[in-house]
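Reader: I am new to this structure and should like to be guided through it by question and answer. May we begin with the strands and end with the charged side chains?

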Amino acid sequence: MEKDKSWAAVLLKGEQQPRVRRKEINRQQLLLRPVEVEKLVDLGHPVRAIWELVVRLNLEPFYAEIESVEGVAGRPVWDPRLLISLWIYAYKDGVSSAREIARLCEYHPVYQWLTGLEIVNYHTLADFRIRHKEALDQLFIEVLGVLSHEGLITLQRVMHDGTKVKACASSKSFHRKATLEDHLRLAREQVEQMGDPELEELSQRVAKARQRALREKQQRLGEALKELEQIEASRSKTSEKEKARASSTDPEARVMLQANSAYGPAYNVQISTDAQSKIIVGVGVTQASADAAELEPAVDRVEANLGQRPKQVVVDGGFTNQTTMEAMTEKQVDMIGSLPERSGVVPNRLEQRGVSPDFYPQAFEYDRNANGYRCPAGKVLAYETQERQGATLRHRYRAKASDCRACECQAQCCPGAKRGRSLVRSEATPEMVAFQAKMETPEAQAIYKQRAGVAEFPNAWIKDKIGLRQFRLRGLTKVTLESLWACLTYNICQWIRLCWKPQQLAPA
Ligand code: SF4
């Protein structure tokens, strides 16, 4: 009969409780473990796809900028293929900090596989991300070439949209001219009072860092004042000029209405997406809050990247205006878009001016013989002028000042006006009429319905998966580079998703 060794049996017999056999943890020991770097990641891991694609690309523009060459004194540099792969994989993983990548290189198997267990300094990574603007543009085009070769880009239909990305600045960093000048004066005084870092009581490193921070602050404040001058110059009304503000943290950022319906410092990222496979074929960043003037440069970017214009572009109402329509006609690009939303400004403005509803435009009758409108008091508002505003022609009619001054209804019709009452008749331009007719066809409406699904897919991917909800860098040039890295990563992710097949490991 088998011997009962359970605790209960031992206790029943009244024997002493035996000690549990357990594994001891020894944290004092030193271990040497062999690491087979190639086995750190699976064959189907996307990092292999990134490396496989990057080594296929022509990276000559990156190599051309390297000064360390064989036969000359100097240290070898990190291979651009490695630095590009590290950044692409990090962005894919939602990591956009050079310090974080350097940390990951110390312990993360994927980063260790890429670097062959080496650790890349974060300065090297940070500098590489912003130092090679032209080479990065070329790399984006190279990847588009690969995707085009795979049949993922046709340019038959391109959906274009803009998305606001928060700047690396707070709303509180926006100041008016007087405040910026005060801060700049203070910063200059502090810089002048700075002593020799070698004589400081603090460590030299800390003292130098403080001095560098002060100089950078002074430089940023100077740039903010220059930006403020530009903002003021772009405004016509004196009252608007006085309200102009610039950020002392990121002078090139602008206050924009963002997706959460809140105003804050941001940049407007313009993304053109090919409808065939949702590949980004053009990316740009602008300081303009409105999208109205952004379609033409976007089409030019696509042409510069791929050597041809899209056959058709699909946009929302923010891009639909007379100038853009004319530009697309000239470029022979078919434009599909919603009509701009009509705002209720006219009644609001009349109400603000104190005009009684009995004297709103509908109370005035058109008199064909007089080529003007007849007011409720029977006076004629004669044709005065015609002006073009967006996709509409505005015809203005005006009453004689003497008629209105003598009129007992003036207080309700045009209170406080020094000139006679005016009236504006808006008329769509022929181009807008043709566009409206096209957009009423079922074909155009069916195409337009696809817009949100295609255009907003990369926006959502870049913000949710890559994590580009807020820029980490400052200034228009650097945020453009950051956007380019994110869009490049997005395109490579699509290539992995749609085309990549893991290869077999070569025998050791
Ligand atoms: S104020 Fe001038 S426009 Fe208005 S009702 Fe009198 S005359 Fe006509």
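Author: The questions below concern a predicted model.

Reader: Which residue in S7 does Val 158 stand opposite?

Author: Strand S1, residues 158–166, pairs with S7 in the parallel sense over two bridges. Within S7, Val 313 and Val 315 point one way, Gln 312 and Val 314 point the other way, and all are buried. The residue in S7 that stands opposite Val 158 is Val 313.

Reader: Through which helix does the chain cross from S7 to S8, and is this crossover right-handed or left-handed?

Author: S7 and strand S8, residues 334–337, run parallel and are joined by four bridges. Val 315 of S7 stands opposite Gly 337 in S8. Between these two strands the chain passes through helix H13, residues 322–330, in a β-α-β crossover that is right-handed.

Reader: How many disulfides does a search of the whole structure find?

Author: A disulfide requires two cysteine sulfur atoms within 2.5 Å. Cys 493 is buried, at 9% relative accessible area, and the closest cysteine sulfur, in Cys 487, is 11 Å from its own sulfur, so the two are too far apart for a bond. For the whole structure, the search gives a count of zero.

Reader: Is Cys 413 buried or exposed?

Author: A residue is buried when its relative accessible area is under 20%. The value for Cys 413 is 9%, and therefore this residue counts as buried.

Reader: Which residues make the nonpolar surface patch of about 300 Å²?

Author: One of them is Val 255, which lies in strand S4, residues 254–257. Patch residues need over 30% relative accessible area, and Val 255 is partly exposed at 36%. The patch is made by Val 255, Leu 257 and Tyr 263.

Reader: What is the phi of Leu 117?

Author: Leu 117 is found in the loop between helix H6 (109–115) and helix H7 (122–131). Its relative accessible area is 39%, so Leu 117 is partly exposed. Although Leu 117 is not a glycine, its phi is positive, at about 70°.

Reader: Where is Asn 371 placed?

Author: Asn 371 is a residue other than glycine with a positive phi, near 45°. With 37% relative accessibility, Asn 371 counts as partly exposed. Its place is in the loop between strand S9 (365–367) and strand S10 (372–374).

Reader: How far apart are the closest N and O atoms of Asp 367 and Arg 374?

Author: Asp 367 counts as buried, at 16% relative accessibility, whereas Arg 374 counts as partly exposed, at 33%. A salt bridge needs a side-chain nitrogen of Lys or Arg within 4 Å of a carboxyl oxygen of Asp or Glu. Asp 367 and Arg 374 form such a bridge, with their closest N and O atoms separated by 2.8 Å.

Reader: Is Lys 39 buried or exposed?

Author: Lys 39 and Glu 36 meet through their side chains in a salt bridge of 3.6 Å, N to O. Its partner Glu 36 counts as exposed, at 51% relative accessibility. The relative accessible area of Lys 39 is 56%, so this residue is exposed.

Reader: Which residues are linked with Arg 451 in a network of salt bridges?

Author: Arg 451 is buried, at 7% relative accessible area, and Glu 456 is partly exposed, at 37%. The side chains of these two residues, Arg 451 and Glu 456, meet in a salt bridge of 3.3 Å, N to O. The residues linked with Arg 451 in the network are Asp 161 and Glu 456.

How values were computed:
Residues numbered from 1 in each chain as written. Predicted model: local features only at pLDDT ≥ 70, side-chain atom pairs only at ≥ 80, totals over all residues. Heavy atoms only, no water. Buried < 20%, exposed > 50% of the residue type's maximum accessible area, 1.4 Å probe, protein only. Pairing = 2+ DSSP bridges. Right-handed = clockwise from strand over helix to strand, strands pointing away. Patch = residues over 30% accessible without salt bridge, like charges linked within 9 Å, V, L, I, M, F, W, Y side chains within 5 Å. Areas by Shrake-Rupley, 256 points an atom, 1.4 Å probe, with all protein chains shown as cover.
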